[in-house]
Amino acid sequence: MHLLIATSNPGKFRELKEGLAPLGWTLFSLLDYPFKMPPEEGATFEDNAVLKAAYAAKQSGLPTLADDSGLEVAALGGEPGVYSARYGNKTTDVERNVYLLERLKGVPPGARKARFVAVLVLAYPDGYMELYRGETEGEILEAPRGEWGFGYDPLFWVPEAGKTFAEMTLEEKASYSHRGKALRALVEAHRLGLAR
Ligand code: ITT
């Protein structure tokens, strides 16, 4: 199958490409189909993933995968959630990480629970859609650790792994991550013939 991955986030693209590899599909990016994506106005990850995938499938004429994801911090009432990519109106990953640490100032280690959520939607040009969701529980550290990954990875501690996402290889992160879980569900559904 020919599939468009409709994300402008290079960190996400790398992980999606890696996770889809077992299916042997031919992958395209928004560099191959340079139309402007719609604003993300949905109230949920599901709303936004559907919006992006359906729009891009229509524009490109190709089956299209979109990922809407984000970080939900319990002590902040679920912030930044669907606003993760523009938290505090900050424009870079580093600025958003600094902002998150400021918001959590004074919150003790035991009360810094968070979870990452990823919703993947595979939309076809005729309107048919599949949706896969993955979640990973963790904690927000008081200072960044690790050099790899993207976004909030250096602050996201995974207790069962004993490291942050930014201290993991791509493969290792996928084994624990919200996106890895959603991708494995997608790959299984297609392998078993449960999806189109
Ligand atoms: P596209 O909409 O073009 O796919 P985006 O970065 O704007 O790219 P989202 O609206 O879904 O995507 O925002 C998700 C944000 O959540 C992302 O920019 C990161 O800041 C954060 N995020 C999501 N998954 C992450 C991960 O695995 N590691 C670290 N941060 C992540």
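This is a walk through the pocket, the ligand, a small cavity and two backbone details of the structure above. Keep in mind as you go that the model is predicted.

Let's start with the empty space. Rolling a probe the size of a water molecule over the atoms shows where empty space is left. Here, the largest pocket holds about 630 Å³. It is lined by 29 residues, and those closest to its centre are Asn-9, Lys-12, Lys-52, Ser-69 and Ala-85. If you'd rather look by element, four of them give two or more residues to this lining: helix H1 (10-20), strand E3 (64-73), helix H3 (93-103) and helix H5 (178-191). E3 is the top contributor, with four residues. As for the chemistry of the pocket wall, eleven of the lining residues are charged, ten are nonpolar and eight are polar.

So what sits in the largest pocket? The ligand does. Around the ligand you'll find 20 residues, and the ones that come nearest are Thr-7, Lys-12, Lys-52, Asp-153 and Lys-173. Two of those names should ring a bell, since Lys-12 and Lys-52 were also on the list of residues closest to the pocket centre.

Now zoom in on some polar side chains. Lys-12 places a polar side-chain atom 2.8 Å from a ligand oxygen. Asn-9, another of the residues closest to the pocket centre, has a polar side-chain atom 3.0 Å from an oxygen of the ligand. Asp-68 joins in too, with a polar side-chain atom 3.2 Å from a ligand oxygen. How much of the ligand's accessible area does the protein cover? On its own the ligand has 620 Å² of accessible area, and the protein covers 92% of that.

Step back to the elements around the ligand, and E3 turns up again: it supplies the largest share of the shell, four residues. Both E3 and H5 give at least two residues each to this shell. By class, the shell has eight charged, eight polar and four nonpolar residues. Compare that with the lining of the pocket, where the count of nonpolar residues is ten.

Next, have a look for enclosed space. A search of the whole structure turns up one cavity of 30 Å³ or more, and the volume of the largest cavity is about 30 Å³. Its lining is made up of Glu-15, Leu-170, Ala-174, Ser-177, Arg-179, Gly-180 and Leu-183. Helix H4 (170-176) and H5 each put at least two residues into that lining, and H5 has the largest share, with three. That makes H5 a helix to keep an eye on: it also gives two or more residues to the lining of the largest pocket and at least two to the shell around the ligand. Sorted by class, the cavity lining has three nonpolar, two polar and two charged residues.

Finally, two spots on the backbone deserve a click. The first is the peptide bond from Glu-79 to Pro-80, which is cis, with omega near -5 degrees. Pro-80 belongs to strand E4, residues 79-80. The second is Asn-89, in the loop between E4 and H3. Asn-89 is not a glycine, yet its phi is positive, at about 60 degrees. If you follow the chain on from that loop you reach H3, one of the helices giving two or more residues to the lining of the largest pocket.

Notes
Residues numbered from 1 in each chain as written. Predicted model: local features only at pLDDT ≥ 70, side-chain atom pairs only at ≥ 80, totals over all residues. Heavy atoms only, no water. 1 Å grid on protein atoms, 1.4 Å probe; cavity = no way out; pocket = protein on both sides within 12 Å on 5 of 7 lines; lining within 4 Å. Points joined across faces, edges and corners; volume = space filled by probe spheres on them. Nonpolar A, V, L, I, M, F, W, Y, C, P; charged D, E, K, R; others polar. Near = heavy atom within 4 Å. Polar contact = N/O pair within 3.5 Å; in protein donor to acceptor, adjacent residues only side chain to side chain. Areas by Shrake-Rupley, 256 points an atom, 1.4 Å probe, with all protein chains shown as cover. Sits in = over half its atoms within 2 Å of the grid points.
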